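Hi there,

Here is the structure I promised to pass on to you. Have a look at it first, and then read my notes below with the 3D view open beside you.

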Amino acid sequence: VTSNNAIHERLKLLSQYIQQYGDKTPPEIDIVKILRVALEKAKSLPVEPLKTLWGELRGQSYDDVVAVVLDILKLLRFVHLDKVFAVLAELVIDKKVKDKKKVFEVVEKMTEPVYVEKDKKIYFHAQLAILDIMEKWDNSKLMTNTALIAEVGKHVLHSEFDASTWTSSSVTIGHGAVPVTDTVKKMRTRMISLLKKAYQLQESILNKFAILEALQTATHTPMSAYYGEDMETMVRDNLDEIVKFYISIAPPADLDVVYKIEKQLHWFKRRFEKDAPINLAELDVVIQKNEPYQLYRILVGYDGDYLPDLDSEESRKIRDEKITKIVQDISETNYEEWLTKILLIIKNYPDTEERGEFNYFRKLLNEISKAKPKIGLKLLEEKVFEPFIDIIIAGIWCSTEKETAKDILNDWITQGKFLPAMAVVFEFISEEDLPLALPLIKKLVKKAKTEGDVN
């Protein structure tokens, strides 16, 4: 086979055969190994156009081959569980796989409980088998497969289930609350322990977030199914273990992690308003004692996250007052001290997905640059502030250093630097500044056309 088109076509035929007849492969033939070989081959082949009677069509890519392999793995998940899970673990960290969602969809199907008709019972064989596999991984593999561990954790720790029959073609037969048995309780405890271990080994902030999200799953009771006091007790026991873990990691953690923990804490307080676990208060104290985080929580997060007991308008007013005080306090004398504090806040900004959470931080930089433009000019010299360069130069433009800002903008346009950021700057200009700004705007548009910069 010399093209992905041919590999894809043959895999499609195999998928259709298994869907119709199940896995009838002779014992001496390793079907998962065949899929591995197909993946390895497809990875190195270029996309070739498909020639048809109607002309050339887009050919199959590596991702297309991965998609059909995943369809087959889904069918084989209970027949060859360990081998299938090993392939999934490799695909999750394969940088050539653009869409990881489909991989996680197969993981979700693998972690479904199984309903055995003759026993009239729900079994968790697959979840336990996957746990066995992951618990044997060394630290290196735990680090590289954290995203997969977190995904498995979300399903293992879910308090509701969709059960399916144990066949190659999954048939969903029911929904309900997970039975509170010794097996389930031990399984959840093992999963929480594994997530905690993976967190301690992890350096990626996004993977840490994924682990925190998975851990929070263990603190939810069923929303669409009846459950008893035993479920409430199990969840509270899990919560107690998780909060102890948060108390231990919060003091040295990155401020973004503390923020995620505090958001969970707010939810824990609401959820367990009556008879709240004692260690919630202890976690609250740990967070409040984190001095760098107190500045972070002023400048990062939506209105509802800050002082959640107040309405958004009152919360916004308090934050604006605190930002004004910070602007008044910062000076050229204490600039380095403040810079150290600010850099802690944006340490993980390049990996941040919720950019809107930094609106108050952007406001601070703008207000500083307006009130104290010399400090704003210092901020422009720090490469780490490039994502905020628009709001800083806009502040300088609105200060006593308007001409300096104009010269900087003119220089950037000539060099073709920060063009999209400069377009934002002109949203901040006043009507009386239009005569000063218009030549720059014209030059910016001309340069953007020359550079082909659509943004």
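**Helix α11 and its surroundings**

Let's begin with helix α11, residues 229-249: at 1.5 Å a residue, its 21 residues should span 30 Å, and its end C-alpha atoms are indeed 30 Å apart, so the two values agree. Please keep in mind throughout that this is a predicted model.

Which residues of α11 are buried? They are Met 231, Glu 232, Met 234, Val 235, Asn 238, Leu 239, Ile 242, Val 243, Phe 245, Tyr 246, Ile 247 and Ile 249.

Ile 249 is a good one to click on, and its place is in helix α11. Its relative accessibility is 4%, and therefore Ile 249 counts as buried; the cut-off for buried is under 20%. Leaving aside neighbours within four places in sequence, Ile 249 is in contact with Tyr 199, Gln 200, Leu 212 and Ile 261. You can also look for Lys 196, which is 53 residues from Ile 249 in sequence, while their C-alpha atoms are 10.0 Å apart in space.

**Helix α10**

Next comes helix α10, residues 205-217. Its 13 residues should span 18 Å at 1.5 Å a residue, and the distance between its end C-alpha atoms is 19 Å, which agrees. If you wonder why the expected value is 18 Å, it is because the expected span is 1.5 Å times one less than the number of residues.

Is α10 mostly covered or mostly open? It is mostly covered, with ten of its 13 residues buried. Those buried residues are Ile 205, Asn 207, Lys 208, Phe 209, Ile 211, Leu 212, Ala 214, Leu 215, Gln 216 and Thr 217. They pack against α8, α9 (182-201), α11 and α12 (255-271). Leu 212 links this helix to the previous section, as Leu 212 is one of the residues in contact with Ile 249.

**Where α19 meets α20**

Now turn to helix α19 (residues 389-397) and helix α20 (residues 402-415). They pack at an angle of about 140 degrees, and their axes are 7 Å apart. That angle makes α19 oblique to α20; for comparison, roughly antiparallel would need an angle over 145 degrees.

Which residues meet here? From α19 come Ile 389, Ile 393, Ile 396 and Trp 397, and from α20 come Lys 402, Ala 405, Lys 406, Ile 408, Leu 409 and Trp 412. The residues of this contact divide into eight nonpolar, no polar and two charged.

**Three buried residues to find**

- Tyr 115 has its place in strand β3, residues 114-116. With a relative accessible area of 16%, Tyr 115 is buried. Tyr 115 and Asp 162 are 47 residues apart in sequence, and 9.4 Å apart in space from C-alpha to C-alpha.
- Glu 151 has its place in helix α8, residues 146-156. Its relative accessible area is 12%, so Glu 151 is buried. Not counting residues up to four places away in sequence, Glu 151 touches Phe 104 and Val 107.
- Arg 77 lies in the loop between α3 (62-76) and α4 (81-92). At 2% relative accessibility, Arg 77 counts as buried. The C-alpha atoms of Arg 77 and Met 110 are separated by 6.1 Å, although the two are 33 residues apart along the chain.

**Two loop residues with positive phi**

Leu 307 is found in the loop between α14 (291-299) and α15 (312-329). Its phi is positive, about 50 degrees, although Leu 307 is not a glycine. Leu 307 counts as partly exposed, at 27% relative accessibility.

Phe 418 has its place in the loop between α20 and α21 (419-425). Phe 418 is not a glycine either, and its phi is positive at about 55 degrees. With a relative accessible area of 21%, Phe 418 is partly exposed.

**The whole protein**

Finally, zoom out. The secondary structure comes to 22 helices and six strands. Along its principal axes, the C-alpha trace spans about 80 × 70 × 35 Å. Of the 455 residues, 46% are buried. The accessible surface comes to about 23,700 Å², and 52% of it belongs to carbon and sulfur atoms. Among contacts between residues at least 6 apart in sequence, 70% join residues at least 24 apart.

Enjoy exploring!

Best wishes

How values were computed:
Residues numbered from 1 in each chain as written. Predicted model: local features only at pLDDT ≥ 70, side-chain atom pairs only at ≥ 80, totals over all residues. Heavy atoms only, no water. Axes fitted to C-alpha atoms, helices over the stretch in contact; angles between N-to-C directions. Helix = DSSP H or I, 4+ residues; strand = E, 2+ residues; numbered from the N terminus. Parallel < 35°, antiparallel > 145°, perpendicular 65-115°, else oblique. Contact = heavy atoms within 4.5 Å. Nonpolar A, V, L, I, M, F, W, Y, C, P; charged D, E, K, R; others polar. Buried < 20%, exposed > 50% of the residue type's maximum accessible area, 1.4 Å probe, protein only. Areas by Shrake-Rupley, 256 points an atom, 1.4 Å probe, with all protein chains shown as cover.
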